[in-house]
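Me: I'd love a close look at a single part of this structure. Could you pick one element and walk me through its surroundings?

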Amino acid sequence: MSDPFSTAFSMIVSGDPAFMEIIGLSLRVTLSAVLIACLIGLPLGAGLALARFPGRSITIIVFNALMGLPPVVAGLVVYLLLSRSGPMGSLALLFTPTAMIIAQSILILPIVISLTRSVVEDLWGEYREQLRSLGASRLRAVPTLLWDGRVSLLTGVLAGFGRASAEVGAVLIVGGNIAGHTRTMTTAITLETSRGELGLAVALGIVLLTLTLGLNAMVWFAGQWARERLG
Amino acid sequence: MGQTHRKRAHISPANWSGRMVCRTISPPRCSLHLRLAFGIAMLVAPPFATQAATQEFITVASTTSTENSGLFRHILPLFEHETGITVRIVAQGTGQALETGRRGDVDVVFVHARTQEDAFVAAGYGVARFDVMYNDFVIVGPAGDPAGLAGIDDAAAAMAAIAQAEAPFASRGDDSGTHAAEMRLWAAAGIEPEGRWYLSTGSGMGATLNMAVQVPAYALTDRGTWLSFRNRGSLELLFEGDSMLHNPYGIILVDPARHPHIKAGQGQTFIDWLISSAGQEAIAGYRIDGEQLFFPNAE
């Protein structure tokens with residue numbers, strides 16, 4: 001087994017197009033899933049925090065529980081939905097990056113919803129009187145509360161990103177790990193492990209962690225910069 | 001965005017500065033967000049864009065053994081160069097690959113379990129089965145050979161010796177072609193494998209070999225995967241050469257009569273190429289360390 005660190009380093013500097021394609025696809029799939037989950041989950045989570053309706057507790061419990069949804073189960077459900085013999089078969093989405101984005105969005109959505117609900121509920125408890133006195137209805141308060149809780153929410157979004165980028169069960173089932181089409185960092189690691197290329201598999205793992213680290217650092221420093229400049 | 005500012009400003013007109021509620025509406029920070037959002041949108045847009053631009057392709061369900069052996073990386077570029085058709089390989093166990101075909105999720109299946117293949121065609125899921133190539137299974141195991149396979153020349157007897165010695169044996173246990181071959185051998189030996197020595201991994205060929213290395217255990221593997229496997233540890237090839245270890249691969253076009261969206265034309269082009277002299281030569285030309293992995297046998 002060759003030294004995985006030097007292998008990882010030479011993979012990054014070599015800029016091999018096939019390898020870059022895998023990195024690019026991983027990032028695009030995961031970031032798309034995070035974006036979709038946020039577009040749906042932030043308003044839904046905030047709504048869940050502020051709205052009062054029968055079955056609200058059950059809904060909250062269900063979304064909390066879904067944070068533990070096994071990726072392979074999410075993958076299987078999306079597979080059965082998108083399969084040609086399934087209800088959405090005519091869309092021809094199985095074994096495409098879009099199918100992977102759908103599966104990962106489903107995986108992250110409960111995290112975004114539950115964390116948003118928790119953050120917004122706390123803020124609402126804190127600022128309810130103040131917002132009410134300013135004439136803000138619950139609905140009008142949503143954007144304000146979301147913005148005010150942005151730091152806590154960002155941590156939730158990063159947790160979602162982490163879950164998606166580290167996940168292999170769902171993307172393997174709905175993407176099929178097709179070379180040059182649906183092969184991501186995690187499915188490539190699985191493949192190299194099964195070929196007994198353990199050094200290469202570890203090297204890919206190092207690259208994936210480095211990417212995740214870099215992205216988290218970017219978010220962190222962008223936050224710092226924004227705070228300093230726009231305080 | 002600008003509209004949102006005015007809206008929020010409306011919430012707290014008397015409170016422009018100081019309080020946290022109002023800080024939210026200072027315009028520069030929003031424009032930063034706008035820029036960030038735009039950046040993310042640029043980053044995530046491509047998967048949708050590239051999808052619209054895909055050229056001709058077919059999807060083929062094949063086995064982990066052919067994918068892991070590296071065969072496709074050798075032959076597919078030749079086919080794609082000749083025809084302009086991209087082949088997308090989904091590597092699964094034979095049982096799963098046939099199920100994917102039955103559901104109509106792939107255009108072609110390329111697998112190695114003759115009985116299941118014939119049943120697939122007979123049930124009307126496939127058009128016809130064609131011989132493509134073969135290799136053979138081998139039994140690998142710990143270098144010390146605790147079950148003593150060295151002096152045995154019959155595959156069923158070799159399996160019986162492993163069971164007799166209760167030497168650890170790692171089985172695929174996943175309804176794959178290799179697993180089917182293993183079960184045929186146990187049946188021929190008149191043995192129902194069970195006990196602490198029999199490890200059903202339920203995973204692919206490579207994962208099973210990785211486990212066999214660690215235990216260490218015996219395992220039945222196709223020669224192609226074994227030759228390309230890079231983590232052999234103390235495992236060695238201990239038994240080979242019985243006719244029962246013959247491992248033929250067949251290719252089948254999924255029946256467009258059952259699944260109208262199947263790309264029958266391009267799928268058949270791929271099959272025709274594989275069994276043509278060009279395809280057969282490409283298969284024969286794939287070697288690892290000078291050793292040929294698959295032997296073409298199309299009629």
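Reply: Happy to! Let's take strand 1 of chain B, which covers residues 57-63. Please keep in mind that this is a predicted model. Six of the seven residues in this strand are buried, so the strand is largely enclosed by the rest of the structure. The cut-off behind that reasoning is a count of 20 or more other C-beta atoms within 10 Å of a residue's own.

Now for the strands it pairs with. One is strand 2 of chain B, residues 86-92. Strands 1 and 2 run parallel and are joined by seven bridges. If you would like a specific pair to display, B:Ser62 has B:Ala91 of strand 2 as its bridge partner.

Strand 1 also pairs with strand 3 of chain B, residues 108-111. Here too the sense is parallel, with three bridges between the two strands. A pair to pick out in this case is B:Ala61, which stands opposite B:Val109 in strand 3.

To put the strand in the setting of its chain: chain B contains 14 helices and twelve strands. Of the 299 residues in chain B, 44% are buried. The contacts of the chain are worth a look as well. Taking those between residues at least 6 apart in sequence, 74% join residues at least 24 apart.

So, when you go back to the viewer, you could start from B:Ser62 and its partner B:Ala91, then turn to B:Ala61 and B:Val109. Those two pairs lead you from strand 1 into strand 2 and into strand 3.

Note on methods:
Residues are numbered from 1 along each chain as its sequence is written. Chains are lettered from A and ligands numbered from 1 in the order in which they are written. This is a predicted model: local features need pLDDT of at least 70, side-chain atom pairs count only at pLDDT 80 or more; totals for chains, interfaces and linings use all residues. A residue is buried if 20 or more other C-beta atoms lie within 10 Å of its own, exposed if 12 or fewer, and partly exposed in between; C-beta atoms are placed from the backbone. Helices (H or I, at least four residues) and strands (E, at least two) are DSSP runs, numbered from the N terminus. Two strands pair if DSSP finds at least two bridges between them. Two residues are in contact if their C-beta atoms, placed from the backbone, lie within 7 Å.
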